[in-house]
Structure formats: C-alpha cells, structure tokens
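Reader: I have a few questions about how the terms for this model are earned. Could you take me through them?

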Amino acid sequence: MIRFYALVFLVISFTALHGQPRKKAPSFNNPAQNPFGYFLEKQWWIGLKVGTNFVQIDPVKRYSAVSPTNYLSSETEKVYGEFDKTGSQATLEITFYYKGFSFSLQPAYRHSRFTYTNDYEWTDPENVNNRLELHYYQEQKVDHAEIPFIVKYDIIGNRLRPYVQLGAYYSFLINANKTVEVSGIDYASGGINEFTNEPVNVGAKDLFASNHWGLLGGIGANYNLGNVRLNLDIQYRMAMSLINSTENRFGNDRLSGIAEAMDDIKMNSISISIGCLFPMRFLASGFKTLDQR
Amino acid sequence: MRQVTFILLIIGIVSGLISCLEETNPVFDENTFTKIYDNNLFNASYNPIDMVQTPDGGYLILAGRRLQESNFTGIYLMKADKQGNFVNAIEVEETFVNPIARLTFINNNYYFFCMDPLTLQAHIASTDANLSEVTISPVNGGLFYPCAAQLNSNSFILLSYDHIAKLSVLSLVSPDGNISQSQGFSIGTGETVEEPIINHFIRTGRQYPFDVGRVSGGAYYFNGFYNYTFSLVFTDLSDDTPNGVVQGIQDDGGFSAIQSLGGSKFTAARFNFGDNYLLPNVNLNTSGISSSVDLGGNTFPELESNTTVKIHRAVVNSKNVLVYGSNTRSKQIGLYFYDEANGTFLSSKYLGFSNPFEIAQVISTTDEGLAVCGLTYMAGRFPRICIIKLDKEQLAGI
C-alpha cells in the first residue's frame, strides 16, 4: 500500500513539474514582490499527500475479561506499545490561502496499527516446576476515513515557507482487524517447553467506535517549485473521544474466550506526510496564467 | 434569515456527530460481559454449582473447590459486582464439603446444603449477599450425603443418600435444619449398587443429575436412584412405595433435567446411552410406572455424551420461554430456547470459544437479560469460574 501511495505521488509530481517546465516560478504569496500582490493575497491549493503514522494509545479505563481473585488486576494489565508500528495515510488537501493564513480541509484515508501485550503466570509455592507463563501479543489494524479541518499560518519565507498548524478532525471507522498471538513457557511438562499457539485473526469492526474526533497540531513546510508546491507535513493528533466500542466490548466470543476485552482507549498519533499542491487560481498573461479576474 | 438557517444547520450537524461518539458507559458494562475468575495458583481448581443475582445487582456463586487432603469437594463462595468484577470470596474450611445446588434465598439469607466429610451428615449453610460470613449447622435427624435441594415455600425439599440403609431419602427441611417430613426409597441391595453414587460424591465417576421438586400443590419428586435404576420418582412422602416412577435404564438412561410446569406437564431432558434428548413439553405419568426411553424428544448430536443440562424458565421479549443450557462437543455452552406454551423451538445461542466452556447454571437478571455461570479452562487447563452476561438486546431475536 505504501508503494502504491509513493507511486501515485511520484506520477503526480512528475506530471506537474514536467508539464510546465519553462515557467518562471512566480512567488504566489508575496504581494510585495510583484504588481499583482493584491491578487496573490489569496489562493486555492489542491493536492495529494501520502505518508506514515505512528500511534500511541491512551487507556482511559482498564477492562479485562479476567477478574483476578487472589492477585492484583494491575499485574495482568495491558502494556501498550508506543509509536512502535507504522501506519499509513493518503490525504487530499484543499486549502484556501489568505494573507499568510491557510484554511485547509484534508479528507484522508488512514490506516493505523497499534499493539499491546499482557502476561499471565500460574505457579505452585510447593513445587517450582508447576509453573506456566503466558504472553498475549495483540495487534490491531484500524482503517478510518478522516475529515480534518486545519488552520495554518506561514511563519516566514518565500520559496521555502514553513508553517504551523492547528485543527480538529472527525473520523469514521471503515474496517478493523485484530490478531492475537499467545505464546508461553510451560515448566510443568518435564522440561522448559516454549510454545506459540496459532494466532487468532478476527474481524474486529464491531469492537471499535463508528466515529471519533480529536485535535491536531503540527508543523510543516511548503517549497515552491515551478507552479507547484512540495509539502512536508508533520502532525500530532490528540484524540478527544474513545476509539473503541463501549457496547461491544465482549461482543466477540473468540476474543472473550481467551480473556480478551478492550480497554476504553483514545488513539493519539504522529503523522508524517509529503505531498504536492497545485494552485487553482493563475495570474494573467504576463505571468502566463489563467485568471482574468 | 439565511445566516440563521446556516448556523442552525451547522449546530445540527455538530450535535449529530457528537451524539455518535463513544463514552465510557457503566450501563453497557452491566448489560453484557464475560468474566473469568482467575486464581494464579497452579493447582487451584473450581467447579461452579449455582448462581443467584443479589439485590444490589451483583452475583453470588456457589462452587466446589479441590481439596488437598480430601476426596470430597470443598466449598467456595464468590461474590461479583453487577459488572461482573470479583468482589470477595470465602473458602469454607475443609471440615465441610460437598456443596450442592440450589443456592436459595430465604429471609435475606442464601442457603445451601453440604456435609461433614467425617460423619457424612448433611448440614445446612447460610450466608448473606455480601458474604460477610458463612454459618453452617447440622440438619437434625441424621441425613447423609445431600444430593440436591430445592425451595418449597419457606422450606427445602432435600434429596440425600442414606449409605447405611441404601436409601434415596426425600425430606422437607426448614431453614433452621429441622425435618418436617422424610421418606426413604430403596436403591436396591448388594455391595455394588451404591458404587456409582459414592463415585459421584468423590468425583471419580460420573456426575449424576440429581434433582428434586414438586408438582404445584401436589406430589414431590426426585431424580435419583431407586430400585437399581436412575429414575424420576413421585411421592407424597407418606409411604416408601412411590406414587409413580418414570424409570431409566440402570444408570445408562434417565432424566438429565426436569421441571414441573403444573399438573402432569413437565419440561425435561433425558439421556440414553450417551444420547441426549430435550423434551420442552412432555406429559409424564405421575402415578404408575413408565419408562423415560419411550418419551422420544428432540435429539441433539452436538451435545456431549450424557451431558449436563440446565433448564430455566424465563420471560424473554414478554414471552414465557424455556431456556435449555448444555455443553456441546465443540466445548461451548449451547443455549436452546423453546416456547413454554407449546414446546416450539425458538432459537439457539452458543457461548464461549477458544477455551473450553461448560455450563453450571443459567438465570434471569433484573434487566431482563440472562446470566450464565459456567466453567472455563484458562490456558486450556486451569478450571476457573466464569459468568457470561447477555442483555435483552442480545435475546431480541428469540
């Protein structure tokens, strides 16, 4: 999938650059540099971005299908991996620029992955060989359609224009899958028997929230190249609502049968994207542009 | 005007989007859950026997536990809150063993029967909804080996086994342990006739579906051994000759569960050389001798051989329903729903996956759902108690 995104990005970039090779790069956004500054105070941009994301899970309330009777439940709590799995996203960016501020709608398809582990142990105080350790490794793959609305501010620059951004997003669940792998060490079988069971793979769409939202902030930079802009964008997303389904927590028998129940969790993430943006309004004939307003 | 409409539209869309968001909801946590009550001791072993819902919405479970120094089953009582979380438990000392169903609520206390492992005498135990303490006192009158008990008004119908006279004994016992009526029925003579019964108690043999009850305002009945056969016996407790007997085939055939629906109408399940048959609506001859083999029934090859069957009368979707709970060969708990009025099959539901699950009891809950208490094997090997709670939405299709 990442290869596909990269290929699409390269094709679009190449087409855009190759299609207008002799144009002198106009400075679209610096009215002081040209007589059409009033025109360049605002501009529409459209483009495509692709990239990768890394997820961090914030457990709001802990749940488990296992209720311990003689030990603390914290001993078997899930331990979440932090930014340890790469996801991916493809974003269509539609941005309106006005006097240094950009108002951007960036609908995206986002594939996120996160993991957690938990451990169980059974022992016999009278016989050290009576012992079993189990290790649960669980990976979630979640696909969302996302609609972020972002306000950017260009800090400085002309050709290279770094910016800061703030916004909010709303996500719709598309699909989710879950893989549970149970491994362990059995000391009671006459030796040290290390084993790994066949992973349990299940569709887990019912276990996730249909919608969630959050806030985002980040930095980025645009580089004006010909008539197009190359874009590097880094965003941090802070979820404001749960991404799991609170109603269907125990809805999957295959998972609850092996003592798995999802916590109430929020999903924060870091996204890194690169892309290419195209102007939608062009200047008049002296600048070989299309806009005649 | 146009601006106001636009603002209202935006507010409406935002409200709609926000209303779709997930929030931690304690009601959902109570409505449906699966809980496995784990003990991290390698040799710990529990077998749930019965469960009731307490007035606070929690659950009280009566279970057996493995004892290191005795062949009998020890007593374990456990309380879970309304979300199924473990609250506390009592491991009753080993001087009392063999707890039996049912766990019965009378006068703000929960009662069950057990026995002394040395004298084998039946005892009655009680506790409250919070498991503050367990009080155990002997049943006056020399009853041994309690097998099954059931509430009868404000007293109990108790089936016990007299190993001296080799009798199945049916008694009416008050909560303070006094016997108001009692009658013994011979299981037969000979050294080997009681062997399967003793093996049942020390759990080295088959677990028999002993049961007791009463036809509304009429005869008492017990499901147990009589005259060399595992039989359903009807009696008015006035004579050691039963009013009626529905015979099995020694211990290879008989009823695996039975409940009176009034008069001669019963809901039952029977076993026959390993096969299982559900009879949601059957008329039994309560006076005279008949055979359970002749009763037919709906056969369920998916069920384990001679499996445990629990029958629960419930109201589901405003309909009187019979819920059969049993164990499948695929190690799941199967729930089968029948219309109580005519015995029509309504639906089925299977619980548990990945690890083996076995049924202990199914009850109705105050939120019009069902709670199933069972046994599962953590890591495929450690016997642990579990509760699977279903809400009424999950039963909506029935």
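Author: Gladly; what follows goes from the contact between the chains to the strands, and the model is a predicted one.

Reader: What makes a residue part of the contact, and how many residues does the contact take from chain B and from chain A?

Author: Two residues are in contact if their C-beta atoms, placed from the backbone, lie within 7 Å. By that test the contact takes 31 residues from chain B and 38 residues from chain A. On the side of chain B that touches chain A, β1 (33-38) and β5 (86-92) of chain B are the elements giving two or more residues. The largest share there, six residues, comes from β1(B). Sorted by class, this side of chain B has 15 nonpolar, twelve polar and four charged residues.

Reader: How do you know that strand β2 of chain A and β1(B) pair?

Author: Pairing needs at least two bridges between two strands. Strand β2 (residues 66-68) of chain A and β1(B) have three bridges, in the parallel sense, so they pair. One of the residues involved is A:Val66, whose bridge partner in β1(B) is B:Ile36.

Reader: And why are β6 and β9 of chain B said to stand at the edges?

Author: The order in this open sheet of four strands is β6-β7-β8-β9 (chain B), with antiparallel pairing. β6 (97-106) and β9 (134-138) each have a single partner strand, so one side of each is left without a neighbour in the sheet. From one strand to the next, the twist averages 25°.

Reader: What makes β7 and β8 of chain B a pair?

Author: Six bridges join strand β7 (residues 109-115) to strand β8 (residues 122-127) in chain B, and at least two are needed. The two strands run antiparallel, with B:Tyr111 opposite B:Ser126 in β8(B).

Note on methods: Residues numbered from 1 in each chain as written. Chains lettered and ligands numbered in written order. Predicted model: local features only at pLDDT ≥ 70, side-chain atom pairs only at ≥ 80, totals over all residues. Nonpolar A, V, L, I, M, F, W, Y, C, P; charged D, E, K, R; others polar. Axes fitted to C-alpha atoms, helices over the stretch in contact; angles between N-to-C directions.
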